[in-house]
Amino acid sequence: MIVFFVITLLFLALFLTIQFTYLLDQRKQDYLNQLSNAVVQIQKPLTDSLLSSDLNEAKRLLVSLKTSGIMGNAIVTVDNVTVMNLSFSTPKPIPEWSLPMIGIPVEVTVPLYAYGTMAPLAKPQGYLTLRVDSNRVYRFALNTFALLTTTYLLLALIIAIAMTWCVSRMIVRPLRKMASELQSSQAVNHLETPEYHQDDELGLLAKGYNRQIKRQNSD
């Protein structure tokens with residue numbers, strides 16, 4: 001019985017891990033799709049503002065992305081130099097060990113080409129990196145894990161209760177009935193074979209007792 005419960009818990013842990021990973025990857029992909037759709041709208045005007053060295057316009061374009069609600073940082077690099085780094089969320093402490101497990105940061109990097117076109121062998125004017133609010137991703141992962149853990153623990157509890165009830169009904173009750181008959185003040189010449197236990201250990205026990213009593217009576 002203990003082995004069965006251990007195996008059940010291992011399977012539940014495996015299913016929890018698979019489902020948690022799937023839900024987390026799906027949510028991160030949704031975030032990346034939102035960022036990709038947002039960057040398409042400002043990619044060309046942002047490149048034009050960088051070419052004209054109009055950093056105020058570039059900043060205005062990046063700030064307009066804040067309305068998406070998931071933005072954490074917007075980073076513009078030109079020739080491997082960060083020329084702009086805007087933060088749209090309040091940094092909150094996140095355990096370092098959870099970063100690689102969850103896959104933080106979630107970000108997308110797109111090249112910025114002159115005139116918004118990518119000519120063959122053309123060198124990008126710079127790169128725009130949009131990063132999802134890490135605290136949002138962390139809270140989603142934490143809440144999802146807590147919900148799945150609670151769900152699977154309740155499922156394990158239901159399975160344990162069901163197994164206990166089955167064991168009690170199929171094994172404990174017949175044993176108690178047999179023990180009660182044997183402990184009675186009257187001699188037991190025949191022990192009833194429990195229903196559904198004709199060929200298992202309980203049935204063999206009852207049949208063996210009956211044969212023994214029959215042999216003694218015949219002597």
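This note goes through the predicted model point by point, from the overall make-up to individual side chains.

1. Overall make-up. The secondary structure of this predicted model amounts to five helices and four strands, and, read from the N terminus, the elements follow the order α-α-β-β-α-β-β-α-α. The protein has 219 residues, of which 31% count as buried. About 14700 Å² of the protein is exposed, and carbon and sulfur atoms account for 61% of that area. When contacts between residues at least 6 apart in sequence are considered, 61% of them join residues at least 24 apart.

2. Strand β1 and its partners. Strand β1 covers residues 71-78 and is mostly covered, with six of its eight residues buried. Strand β1 pairs with β2 in the antiparallel sense over six bridges, and six bridges also join β1 to strand β4, residues 126-132, again in an antiparallel arrangement. On the β4 side, Val76 stands opposite Leu128, while on the β2 side the bridge partner of Val78 is Val81. As general background to reading such strands, side chains in a regular strand alternate between the two faces of the sheet.

3. The hairpin of β1 and β2. Two residues lie between the strands of this hairpin, and Asp79 takes a positive phi near 55° there. A colleague inspecting the backbone may wish to look at Asp79 together with the bridge between Val78 and Val81.

4. Ser87 in strand β2. Ser87 belongs to strand β2, which spans residues 81-87, and with a relative accessibility of 45% Ser87 counts as partly exposed. Outside its neighbours within four places in sequence, Ser87 is in contact with Gly72 and Asn73. The C-alpha atoms of Ser87 and Gly72 are separated by 5.9 Å, although these residues are 15 residues apart along the chain. The side chain of Ser87 also reaches the backbone oxygen of Ser89 at 3.2 Å.

5. Ser89 in the loop after β2. Ser89 is placed in the loop between β2 and α3, the latter being residues 98-102. If residues up to four places away in sequence are not counted, Ser89 touches Met71, Gly72 and Asp133. With Asp133 there is a polar contact from side chain to side chain, at 3.3 Å. Gly72 is thus listed among the contacts of Ser89 as well as among those of Ser87.

6. Salt bridges within helices. The structure holds four salt bridges, and two that lie within helices are taken up here. Lys44 forms one of them with Asp48, the closest N and O atoms being 3.1 Å apart; because these residues are four residues apart in helix α1, they are separated by about one helical turn. Lys44 is partly exposed, with a relative accessible area of 42%, and Asp48 is partly exposed as well, at 28%. In helix α2, residues 55-63, Glu57 and Arg60 are three residues apart and so are also separated by about one helical turn, and their side chains meet in a salt bridge at 2.6 Å, N to O. Glu57 has a relative accessible area of 26% and is partly exposed, as is Arg60 with a relative accessibility of 48%.

7. A salt bridge between strands. Arg131 forms a salt bridge with Glu107, in which the closest N and O atoms are 2.9 Å apart. Because Arg131 lies in strand β4 and Glu107 in strand β3, residues 107-112, the pair ties together parts that are 24 residues apart in sequence. Arg131 is partly exposed, with a relative accessible area of 24%, and Glu107 is likewise partly exposed, at 34%.

8. A nonpolar surface patch. Val3, Ile7, Phe11, Leu14, Phe15 and Ile18 together make a nonpolar surface patch of about 580 Å². Of these residues, Phe11 can be described further: Phe11 is found in helix α1, which covers residues 2-51, and Phe11 is partly exposed, with a relative accessible area of 45%. A patch residue needs over 30% relative accessible area, so Phe11, at 45%, passes this cut-off.

How values were computed: Residues are numbered from 1 along each chain as its sequence is written. This is a predicted model: local features need pLDDT of at least 70, side-chain atom pairs count only at pLDDT 80 or more; totals for chains, interfaces and linings use all residues. Side-chain values use heavy atoms; hydrogens and water are left out. Buried means under 20% relative accessible area, exposed over 50%, partly exposed in between (1.4 Å probe, protein chains only). Contact means heavy atoms within 4.5 Å. A polar contact is a pair of N or O atoms within 3.5 Å; within protein, one must be able to donate a hydrogen and the other to accept it, and residues adjacent in sequence count only if both atoms are side-chain atoms. Two strands pair if DSSP finds at least two bridges between them. Patches are made of residues with over 30% relative accessible area and no salt bridge: like charges are joined within 9 Å, nonpolar side chains (Val, Leu, Ile, Met, Phe, Trp, Tyr) within 5 Å. Accessible areas come from the Shrake-Rupley method with a 1.4 Å probe; for residues, only the protein chains shown count as cover.
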